[in-house]
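Visitor: Could you walk me through this one? I'd like to look at the model first and then ask a few things.

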Amino acid sequence: MEDGMTNEQTEKVLQFQDITGIEDMNICRDVLIRHQWDLEIAFQEQMNIREGIPTTYAASRDVRAPAVLDDRFLQQVFSATMPGGRSARGGLGPVPRSITGIIGYVINMVFQYCYSTFASVLSTLLNMGRNDERITDPVGDVMSFIRSYNERYPVHPVFYQGTYAQALNDAKQELRFLLIYLHKDPTNNPDVESLCRTTLSDQSVIDYINRNMLFWGCDVSSPEGYRVSHTLNVNTYPTMMLITLRNNRMVVVGRFEGDCMPEELIRRMQTVISANEIWLSQARADRLERNLTQTLRQQQDEAYRLSLRADEEKERLRQLERDAEREAQEAIERERAEEERKKEEIAQLKIELAEKVPNEPPAGASDVISVVFKLPNGARLERRFLNSHSLIDVYNYLFCHPSSPDEFEITTNFPKRVLYASTFINNDAINGNCNVTTLAEAGLKHREVLFVNDLEA
């Protein structure tokens, strides 16, 4: 046990705290104690309390109330003169047993009904010319009524804390019954005092109302209560009306006039709810079907979007692959074209440089040296030059020879020296030695052996 609670009660406190989000366990315990540890009723009370908060509704006072059909042919009407009813002022009294009394009773009932209808029509016509300047703060009217009612009758069902229009909209949206109670000064209306003090304070009535419907009330002396009383054609007090959605319209399906015993009020509400629950069940089924259809459509749309996105991603990847292949092919083509262009330029350059190669001097001429060249492919070339010939002349001779590489360097064997080197950059032949060094200056002797090294290898 914890604070005198049983294990079952502690478990209910924890469940109530979990579903309501109330952090203070003492508050959760007090609410459950107030409702005799009925978890469902306590939770429903909290939901009803959260239906309207003054600061929240104050920002939305212009909410329009859905049209309410108030047709007595569609209503189940209960009065204080019916079995189970009671009236501190008497009323029509019990049904007489004699023929004359029965005729008088029927005439009196018809007269009262006609009078009530005529008074309602006349009141509506008289109030058509009134402006709505009286309706200044509907939320304030409702909250003021709830506070005054709490002071006089502390035990009662949970009142909806919002305007009549907001209560109607919530009942329609949530597919719930809405019980309207129009209050009048109990000091001058003993039936109102009896209903509030005895019937609406009964715990079974409180539990039934909290569990099965929204409960909205207001004093007819306030602008909001006055407007609702004329909208619903209320002429006798106390009066409660049960409103629900029927064929997609909010309809008054039950009217409870006068006072009655708690058990009788529950029986009457059960009668009305049983007769009209089928409409809410149908509305819930239609709404569920619409929601399922909408959910299915959303799922289909989402699946289509995902499939479309997947197809687009596949197409994007394929396009990237095609672009990569195209770029690679273009790079290969550019490289091949560059190679071809380079070969053409080299071939043209060889033609031009071949004209600059000096003629080979005769073997017996003075100042003649013979040079042996070893090519990268293993071939040996021997050629005579004059000591006055330059290294460029040697290079041009080797460059124009068909067995020589296109880019090469000329080196001695030992010690190794690079006599001449040439590479092609930006379509031009760049020579390593730009001076016109002669063979004698380079230190070459007769029967000198030089190596030709391929720079592209």
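Visitor: Is helix α8 mostly covered or mostly open, and how many of its residues are buried?

Guide: First, this is a predicted model, where local features need pLDDT of at least 70, side-chain atom pairs count only at pLDDT 80 or more, and totals for chains, interfaces and linings use all residues. Residues are numbered from 1 along each chain as its sequence is written, and side-chain values use heavy atoms, leaving out hydrogens and water. Buried means under 20% relative accessible area, exposed over 50%, and partly exposed in between (1.4 Å probe, protein chains only). For α8, residues 190–199, the helix is mostly covered, and the buried count is 7 of 10.

Visitor: Which residue of helix α11 meets both D323 and E330 in salt bridges?

Guide: A salt bridge here puts a side-chain nitrogen of Lys or Arg within 4 Å of a carboxyl oxygen of Asp or Glu. An α-helix has 3.6 residues a turn, so residues three or four places apart point the same way. D323 sits 3 residues from its partner in α11 (residues 262–354), and E330 sits 4 residues from that partner. The N to O distances are 2.8 Å for D323 and 3.6 Å for E330, and the shared partner is R326.

Visitor: What is the N to O distance between E345 and R341?

Guide: Both lie in α11, 4 residues apart, about one turn of the helix. E345 is partly exposed at 29%, and R341 is partly exposed at 23%. Their side chains meet in a salt bridge, N to O, at 2.5 Å.

How values were computed
Helix = DSSP H or I, 4+ residues; strand = E, 2+ residues; numbered from the N terminus.
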